[in-house]
Amino acid sequence: GGDFVAPRRRLRCPTQSGAGVGAGGGATGEQASWRDACLRVLNIMEKRKEGHIFAEPVDPEASGAKDYYEIVTAPMDFSTIREKLRADYAKPSEFFQDVQQVWINCKLYNATDDYYIKAALSMELFFERKWLELC
């Protein structure tokens with residue numbers, strides 16, 4: 001459910017079908033490897049000039065976006081993704097989907113705000129390039 005919409009194009013990383021990247025519990029060597037790679041990409045995104053916008057969950061009061069959680073029903077941000085990277089994701093595609101959800105939410109809520117739309121588009125393109133470098 002929620003607002004998730006499939007990305008414009010499918011960016012598939014070969015590690016998604018690799019041995020050891022399954023739904024098992026703890027981090028195997030290969031799981032630790034893709035988790036580390038995803039964490040590196042997340043760290044790089046956070047350091048970009050637009051990164052602060054997506055770093056933490058939206059605070060409706062502080063941001064003046066009081067209706068945010070009425071419009072965005074699948075909230076996502078970098079701190080939540082970082083937390084989920086520790087153990088929740090079974091495969092890299094789950095990380096990819098959550099990062100995409102950040103951009104989807106931004107574009108959904110800020111449909112007419114050039115600054116936030118441009119930030120989301122810039123970050124989305126940057127992320128897609130970094131994602132392909134991971135593969």
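I began by fixing a term: a residue is buried when its relative accessible area is under 20%, exposed when it is over 50%, and partly exposed in between. By that cut-off aspartate 98 is buried, because its relative accessible area is 12%. The model I am reading is predicted.

**Confidence**

I looked up the pLDDT next. The chain averages 84, and 77% of the residues score at least 70. I then compared the elements: helix α1, residues 29-47, has the lowest mean, at 90, whereas helix α3, residues 68-71, has the highest, at 97. I noted a stretch at residues 1-7 where the pLDDT is below 50; beyond near neighbours in sequence, this stretch has 17 contacts in the model. I noted another at residues 16-26, again with pLDDT below 50, and there I recorded 22 contacts beyond near neighbours in sequence.

**Salt bridges**

I searched the whole structure for salt bridges and found seven. I examined three of them individually.

Aspartate 98 came up again here, since its side chain meets that of lysine 84 in a salt bridge, at 2.7 Å from N to O. I placed lysine 84 in helix α4 and aspartate 98 in helix α5, 14 residues apart, so that the pair links distant parts of the chain. Lysine 84 has 23% relative accessibility and therefore counts as partly exposed, while its partner aspartate 98 is buried.

I turned to lysine 107 and glutamate 124, whose side chains form a salt bridge at 2.8 Å, N to O. Lysine 107 belongs to helix α5 and glutamate 124 to helix α6, residues 114-134, so this bridge ties together parts that are 17 residues apart in sequence. I recorded lysine 107 as partly exposed, because its relative accessibility is 25%. Glutamate 124 is buried, with a relative accessible area of 5%.

The third bridge joins the side chains of glutamate 133 and lysine 130, at 3.3 Å from N to O. Both residues lie in helix α6, three residues apart, or about one turn of the helix. I entered glutamate 133 as exposed, because its relative accessible area is 57%.

**Aromatic rings**

I counted 12 aromatic pairs. For phenylalanine 78 and tryptophan 103, I found the ring centres 6.0 Å apart and the planes at 85°. The pair is edge-to-face because that angle lies over the cut-off of 60 degrees. Phenylalanine 78 lies in helix α4, residues 78-87, and tryptophan 103 in helix α5, residues 92-109; with their positions 25 residues apart, the pair links distant parts of the chain. I noted that phenylalanine 78 and tryptophan 103 are both buried.

I also followed the ring pairs that link Tyr89, Phe95, Phe96, Phe127 and Trp131 into a cluster. At phenylalanine 126 I found a charge over a ring: the charged end of arginine 48 sits 4.1 Å from the ring centre.

**Cysteines**

I looked for disulfides and found zero in the structure. I then checked the accessibility of two cysteines. Cysteine 38 is buried, because its relative accessible area is 1%. Cysteine 106 has 7% relative accessibility and therefore also counts as buried.

Methods. Residues numbered from 1 in each chain as written. Predicted model: local features only at pLDDT ≥ 70, side-chain atom pairs only at ≥ 80, totals over all residues. Heavy atoms only, no water. pLDDT = per-residue confidence, 0-100. Helix = DSSP H or I, 4+ residues; strand = E, 2+ residues; numbered from the N terminus. Contact = heavy atoms within 4.5 Å. Phe/Tyr/Trp six-rings, centres within 6.5 Å; stacked < 30°, edge-to-face > 60°. Buried < 20%, exposed > 50% of the residue type's maximum accessible area, 1.4 Å probe, protein only. Lys NZ or Arg CZ within 6 Å of the ring centre and 35° of its normal. Salt bridge = Lys/Arg side-chain N within 4 Å of Asp/Glu carboxyl O. Disulfide = S-S within 2.5 Å.
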